[in-house]
Amino acid sequence: MSDTPSLHVRAEPVADLLKTLSHPARLVIACALAEQPRSVGELEQALGIHQPALSRHLTTLRAARIVSCHREGQSMIYHLSDDKAGQLIMALHAIYCAPERAGSPKGQPVPEFVA
């Protein structure tokens, strides 16, 4: 039998991660970064999220270790972290954002993160 208190302790950080990802804008940002690393300007243009809100969401995603960034010239380039959070986003991206899933009937729409 599993150690129930240990399960609860391990569940807390996962629940916090899922709370962070429950905001549609943060989920869309993470999904875009699953496709390729991007600068703030590229994310703003691709997603239509204005810079102040985008920066706020990126700060939250960085604090949760979902995304990381590095400097290239004068731009900060954001990418998914190599942490478990980044792996989770990649799995979600493969399930929901891939053009066509294996086993799904041809021509059937693939569910997307946001409507």
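User: In this predicted model, what does buried mean for a residue?
Analyst: Relative accessible area is the test, and the chain shown is the protein itself. A residue over 50% is exposed, and one in between is partly exposed. Buried means under 20%.

User: Is Ser39 buried or exposed?
Analyst: Ser39 has 11% relative accessibility. The cut-off for buried is under 20%. Ser39 therefore counts as buried.

User: Which residues is Ser39 in contact with, leaving aside its neighbours within four places in sequence?
Analyst: Ser39 lies in strand β1, residues 38-39. Its neighbours within four places are set aside here. The contacts that remain are Ser75, Met76 and Ile77.

User: How many helices and strands does the protein chain have?
Analyst: From the N terminus on, the elements run α-α-β-α-α-β-β-α. That gives five helices and three strands.

User: Which helix gives the most to the largest nonpolar core?
Analyst: This core has 21 residues, and Ile29, Ile66, Leu80 and Ile89 touch the most other members. Elements that each supply at least two residues include α1 (4-21), α2 (24-35) and β3 (75-80). With seven residues, the one that gives the most is α2.

User: Which residues does Leu80 touch, not counting those up to four places away in sequence?
Analyst: Leu80 is among the core residues that touch the most other members. Strand β3 covers 75-80. Leu80 touches Ala30, Leu33, Ala34, Ile66, Val67, Ser68, Gly86, Ile89 and Met90.

User: What share of the residues of the protein chain counts as buried?
Analyst: The protein chain has 115 residues. Its accessible surface comes to about 7700 Å². The share that counts as buried is 30%.

Note on methods: Residues numbered from 1 in each chain as written. Predicted model: local features only at pLDDT ≥ 70, side-chain atom pairs only at ≥ 80, totals over all residues. Heavy atoms only, no water. Helix = DSSP H or I, 4+ residues; strand = E, 2+ residues; numbered from the N terminus. Buried < 20%, exposed > 50% of the residue type's maximum accessible area, 1.4 Å probe, protein only. Areas by Shrake-Rupley, 256 points an atom, 1.4 Å probe, with all protein chains shown as cover. Contact = heavy atoms within 4.5 Å. Core = buried A, V, L, I, M, F, W, Y, C linked by side-chain atoms within 4.5 Å.
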